[in-house]
Amino acid sequence: MTIRVALLGYGLGGRSFHAPIIAVTPGLELRAIVTSDPERQTAARAEHPGARVLGAADEVFKAADVDLVVISTPNRTHMPLALAALDAGLGVVVDKPLAPTSREARQLVEEASRRNLFLTVYQNRRWDGDFLTLRKLIAAGQLGDVYRFESRLDRWRPTPKEGWRELSAPEEAGGLLFDLGSHLIDQAYHLFGPVIDVYAELDRRRNGVQVDDDTFVALKHVSGVRSHLWVSVVAAQNGLRFRVLGSRAAYTKSGTDVQEAALRSGERPDRQDWGVDPSDQWGLIGVGDNLTAVPTERGSYPGFYAAVIRSLRDGAPPPVAPSDAIATLEIIESCIGSGTRDKAADRQ
């Protein structure tokens, strides 16, 4: 069975992080692309000549010739578009965050459950090579009991860009906490489980910005692990991607997953060496000066869509549980609440 896909949105997310992967994944057919922007329409036709290019999502819902809708549009539109897709009887993949608020996300999850329809969230950084490596090390007990998880995504963008991500209205869900922060919070939650305490520093460093652009989040997990997470677009030099301290050893990793740069440059993930981290970027495990290089697991954003296929065909669990997306939003809301504890974030 081929799963026919409609992609809503052809900005950076749709064009670089969804369309190329859908196009090369066996079992998926990119049937339609929706964008109202004329330049993006032209690009979509050139890059995916087998897909219909449409100007509005309603055209997809009325045509009734797709099985799955992928939503990669501004955050404020996630909820209404996902509800419309569910109303049309379609499975749904939504870019993170699932919705601007945990309340709306919960409503969406309940609606999908009521209709017995597929719903998941595109947390692609669970398929970063460095994250897959860290997860493997922890599962094998090579770090012992993890005490502290330090994770960061640094960027250097001293001049703000225009667009909805820079808008402060709550319904926009703009700023770094919702953007890159969603990834790091999701990774921490996925590794170490529910959170009982949240502290955050949400700073605006660049002149005239309305939203956070230099952010720190500290989480205490029920498991006892503490996660320290940094996201910034004013980092003139990058820090370690990961620093993880355990009772037996520590793991450190520099550099970022290679898939993002490849997708942004227009490459497709059907290359033989896709997701392979160069050896000079491998992380180190050990104690003091007694360190061993750890080959990075191969990054695999296509793994997300392979899991989507298994869910739709075989009834396997979704690649990202919608309940995890709700938990991430609850933690974000705790951060916005000046670091006060949000008991809702304790829920598993």
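Biologist: At about what angle does helix 4 run to strand 5?
Modeller: Helix 4 (residues 78-87) lies across strand 1, strand 4 and strand 5 (91-95); helices (H or I, at least four residues) and strands (E, at least two) are DSSP runs, and contact means heavy atoms within 4.5 Å. This is a predicted model: local features need pLDDT (the predictor's confidence, 0 to 100) of at least 70, side-chain atom pairs 80 or more, and totals for chains, interfaces and linings use all residues. Numbering starts from 1 along each chain's sequence, and side-chain values use heavy atoms, leaving out hydrogens and water. With axes fitted to C-alpha atoms and angles running from 0 to 180 degrees between N-to-C directions, helix 4 to strand 5 comes out at about 170°.

Biologist: In what order do the 6 strands of the open sheet run?
Modeller: Strands pair if DSSP finds at least two bridges between them, and here the pairing is parallel. The open sheet's order is 3-2-1-4-5-6.

Biologist: And which are its edge strands?
Modeller: Look for strands that pair on one side only. Those are strand 3 (52-54) and strand 6 (119-122).

Biologist: Which residue in strand 4 stands opposite Leu8?
Modeller: Strand 1 (residues 3-8) and strand 4 (residues 68-71) run parallel, joined by 4 bridges. Leu8 also touches residues beyond four places in sequence, including Val34, Ala57, Val60 and Leu81. Its opposite number in strand 4 is Ile71.

Biologist: Thr215 sits in strand 9 (residues 214-221); which side chain does its own side chain make a polar contact with?
Modeller: Thr215 is buried at 3% relative accessible area, where buried is under 20% and exposed over 50% (1.4 Å probe). Beyond four places in sequence, Thr215 touches Leu176, Leu177 and Trp230, among others. The polar contact (N or O atoms within 3.5 Å, one able to donate a hydrogen and the other to accept it) spans 2.6 Å, and the partner is Asp212.

Biologist: Ala173 has a positive phi without being a glycine; is Ala173 buried or exposed?
Modeller: Ala173 lies in the loop between strand 7 (146-154) and helix 7 (180-192), with phi near 50°. At 3% relative accessibility, Ala173 is buried.

Biologist: Asn116 has a positive phi too, about 55°; is Asn116 buried or exposed?
Modeller: Asn116 lies in the loop between helix 5 and strand 6. Its relative accessible area is 69%, so Asn116 is exposed.

Biologist: Over which residues does pLDDT stay under 50?
Modeller: Mean pLDDT is 94, and 97% of residues reach 70 or more. Where pLDDT is low, predicted coordinates should not be read in detail. The stretch under 50 is residues 339-348.
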